[in-house]
Amino acid sequence: MRSLSACAALAWIATHEPRRGLGRPAGAAARGLATTAALAEMAGDKMPFAPDRRIPPSFAVRLALGAVGGWMLAGRRASPEIGALAGLAGAVSGTLLGRAARGPGAPAPSGFARGLAEDAVAAGLAVVLVTSARARQRRSAPRHRMS
């Protein structure tokens with residue numbers, strides 16, 4: 001739905017859940033940059049000159065971001081390759097279903113409202129992803145007993 005929302009979620013997760021020694025950008029600067037980029041993507045998508053997400057360059061970037069994101073999010077129970085395939089599938093479905101949900105009149109006021117709804121869903125899913133990763137990290141953290 002929003003490629004850079006997933007990138008922002010990864011930056012927020014990387015701060016709390018380092019995994020497999022990956023060079024995921026973490027820290028306040030990375031979170032701020034990724035979040036700003038995600039907000040800029042949401043704003044830019046509403047512009048009348050925004051390209052269709054299904055044109056080959058846009059679609060290719062979405063596929064790459066989805067595969068890398070899925071690879072980075074693969075947990076201990078899934079291989080990075082399976083994560084990449086899941087991310088790729090998510091990118092395809094998000095691209096095609098998100099565009100279909102916008103309808104043919106995207107520049108019209110109803111298209112703008114649908115775009116805002118799509119932004120809300122993408123942001124909500126990112127929040128769920130980050131919250132879930134934090135809860136998983138808290139459950140797996142060693143507990144210290146007071147004697």
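**Close-ups of a five-helix chain**

**View 1. The largest nonpolar core is built from Ala9, Ile13, Ala126, Val130 and Ala133**. That makes 5 residues in all. Helix 1 and helix 5 each put in at least two of them, and helix 5 gives the largest share, with 3 residues. Keep in mind that this is a predicted model.

**View 2. Stepping back, here is the whole chain, with 5 helices and 0 strands**. Follow the sequence along and the pattern reads α-α-α-α-α. Of the 147 residues in the chain, 32% are buried. Now take the contacts between residues at least 6 apart in sequence: 67% of these join residues at least 24 apart.

**View 3. The largest pocket has a volume of about 630 Å³**. Its lining takes in 26 residues, and the ones nearest the centre are Ala6, Gly66, Gly87, Gly90 and Ala91. Four elements give two or more residues each to that lining: helix 1 (3–16), helix 3 (56–73), helix 4 (80–102) and helix 5 (109–140). What sort of residues make up the lining of the largest pocket? They split into 14 nonpolar, 10 polar and 2 charged.

**View 4. Helix 4 gives the largest share of the pocket lining, 7 residues**. This helix has 23 residues and spans 32 Å from its first C-alpha to its last, close to the 33 Å expected at 1.5 Å a residue. Plenty to look for along the way: Pro80, Gly83, Ala84, Gly87, Ala91, Gly94, Thr95, Gly98, Arg99 and Arg102 are buried in helix 4. Two of these names, Gly87 and Ala91, are also among the residues nearest the centre of the largest pocket. As a reading aid, an α-helix has 3.6 residues a turn, so residues three or four places apart point the same way. Just past the end of helix 4 sits Gly103, with a positive phi of about 80 degrees.

**View 5. Arg31 sits in helix 2 (residues 28–45)**. Is Arg31 buried or exposed? Its relative accessibility is 18%, so Arg31 counts as buried, the cut-off for buried being under 20%. Who keeps Arg31 company, once its neighbours within four places in sequence are set aside? Arg31 is in contact with Ala11, Trp12 and Thr15. Those three fall inside the 3–16 stretch of helix 1.

Technical notes. Residues numbered from 1 in each chain as written. Predicted model: local features only at pLDDT ≥ 70, side-chain atom pairs only at ≥ 80, totals over all residues. Heavy atoms only, no water. 1 Å grid on protein atoms, 1.4 Å probe; cavity = no way out; pocket = protein on both sides within 12 Å on 5 of 7 lines; lining within 4 Å. Points joined across faces, edges and corners; volume = space filled by probe spheres on them. Nonpolar A, V, L, I, M, F, W, Y, C, P; charged D, E, K, R; others polar. Expected span 1.5 Å × (residues − 1). Buried < 20%, exposed > 50% of the residue type's maximum accessible area, 1.4 Å probe, protein only. Core = buried A, V, L, I, M, F, W, Y, C linked by side-chain atoms within 4.5 Å. Contact = heavy atoms within 4.5 Å.
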